[in-house]
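Subject: Handing over the structure, with notes

Dear colleague,

I am passing the structure below to you, together with notes on what was found in it. Please read the notes with the structure open beside them.

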Amino acid sequence: EMRFVAMRMHTREQAPKEGEKKPEPEQKPMAQWQPTKEGYLKFLVESKAVYEAMEDIVASGASPIYAAFVDTGLERAEPLAKDIAWFQSEHGLEAPPADGPGAEYAQFLKELAETSPPEFICHFYNVYFAHSAGGKMIGRKVSEMILNGKELEFYKWGGAGLEESLASVKAKLNEAAEGWSREEKDRCL
């Protein structure tokens with residue numbers, strides 16, 4: 001059910017077969033983006049704040065359903081730490097603090113995880129599954145534009161591999177939702 005709802009929130013450009021959302025008028029097509037190394041480093045720092053929060057939440061035991069989402073193979077905080085260190089070493093850039101949208105979202109997730117596990121699980125699903133699809137494509141494009149095509153650790157998955165990890169997490173998500181009431185499912189969606 002989550003995939004169906006999530007795909008409807010995409011534009012036709014993002015999801016040609018299932019996208020229904022109208023593009024924002026001020027939204028620039030990716031071809032017009034002008035990323036910078038400093039901006040990309042800030043994105044990595046903010047992303048690390050989000051992934052650290054999610055990894056901490058599922059490890060915390062705040063809800064019994066979170067235990068199934070520890071060590072899924074999708075974790076990104078450690079690869080992001082490596083990429084941030086690489087940026088600092090390779091490009092002499094100082095990593096800025098996580099004090100923007102990523103940090104704010106991380107705080108929101110922590111609060112949500114305490115009050116509504118089904119709603120947190122929706123965010124967990126969307127962040128990990130979006131990153132592994134569109135996020136990977138965007139990362140590759142930005143890398144071509146400003147990093148001479150270097151593939152960052154953020155976009156690499158070891159162990160069982162991305163597809164197996166996604167399939168396993170999807171099964172765990174479905175299993176968790178089986179025990180939810182219709183109201184909890186709707187809150188998640």
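Let me begin with glutamate 175, which is exposed, with a relative accessible area of 59% (buried means under 20% relative accessible area, exposed over 50% and partly exposed in between, using a 1.4 Å probe and protein chains only). Glutamate 175 has its place in helix α6, where helices (H or I, at least four residues) and strands (E, at least two) are DSSP runs numbered from the N terminus. From C-alpha to C-alpha, glutamate 175 is 9.5 Å in space from isoleucine 65, although their positions lie 110 residues apart in sequence.

Before going further, please keep in mind that this is a predicted model, in which local features need pLDDT of at least 70 and side-chain atom pairs count only at pLDDT 80 or more, while totals for chains, interfaces and linings use all residues. Residues are numbered from 1 along each chain as its sequence is written, and side-chain values use heavy atoms, with hydrogens and water left out.

As for the chain as a whole, it has 7 helices and 0 strands, and its pattern along the sequence reads α-α-α-α-α-α-α. Of the 189 residues in the chain, 39% are buried, and the accessible surface comes to about 11,000 Å², with 52% of that surface belonging to carbon and sulfur atoms (accessible areas come from the Shrake-Rupley method with a 1.4 Å probe, and for residues only the protein chains shown count as cover). If one takes the contacts between residues at least 6 apart in sequence, 76% of them join residues at least 24 apart, a contact being heavy atoms within 4.5 Å.

The next topic is the interior. The largest nonpolar core (a set of buried Ala, Val, Leu, Ile, Met, Phe, Trp, Tyr and Cys residues joined through side-chain atoms within 4.5 Å) has 43 residues, and those that touch the most other members are Tyr40, Tyr51, Met54, Phe87, Phe120, Phe124 and Leu152. At least two residues of this core come from each of α2 (37-60), α3 (77-91), α4 (101-115), α5 (117-146) and α6 (162-178), and α5 gives the most, with 10 residues. Tyrosine 40, when residues up to four places away in sequence are not counted, touches Phe87, Gly139, Val142, Ile146, Leu147, Leu152 and Tyr155.

How do two of these helices pack? Two packed helices are described by the angle between their axes and the distance between the axes. The axes of α4 and α5 come within 6 Å and cross at roughly 140 degrees, where axes are lines fitted to C-alpha atoms, for helices over the stretch in contact, and angles run from 0 to 180 degrees between N-to-C directions. α4 and α5 are therefore oblique to each other, since angles under 35 degrees count as roughly parallel, over 145 as roughly antiparallel, 65 to 115 as roughly perpendicular and the rest as oblique. In this contact, Tyr105, Phe108, Leu109, Leu112, Ala113 and Thr115 of α4 meet Pro117, Glu119, Phe120, His123 and Val127 of α5. These residues divide into 8 nonpolar, 2 polar and 1 charged (Ala, Val, Leu, Ile, Met, Phe, Trp, Tyr, Cys and Pro count as nonpolar, Asp, Glu, Lys and Arg as charged, and the others, Gly among them, as polar).

Alanine 113, in helix α4, is buried, with a relative accessible area of 2%. Apart from neighbours within four places in sequence, alanine 113 is in contact with Ile57, Tyr66 and Phe120.

The loops also deserve a look. Between α2 and α3 lies glycine 73, which is partly exposed at a relative accessible area of 31%, and whose C-alpha atom is separated by 6.8 Å from that of glycine 159, 86 residues apart along the chain. The loop between α2 and α3 also holds aspartate 71, an exposed residue with a relative accessible area of 67% and a positive phi near 55 degrees, though it is not glycine. Asparagine 148, in the loop between α5 and α6, likewise has a positive phi, of about 55 degrees, without being a glycine, and is exposed at 82% relative accessible area.

With best wishes
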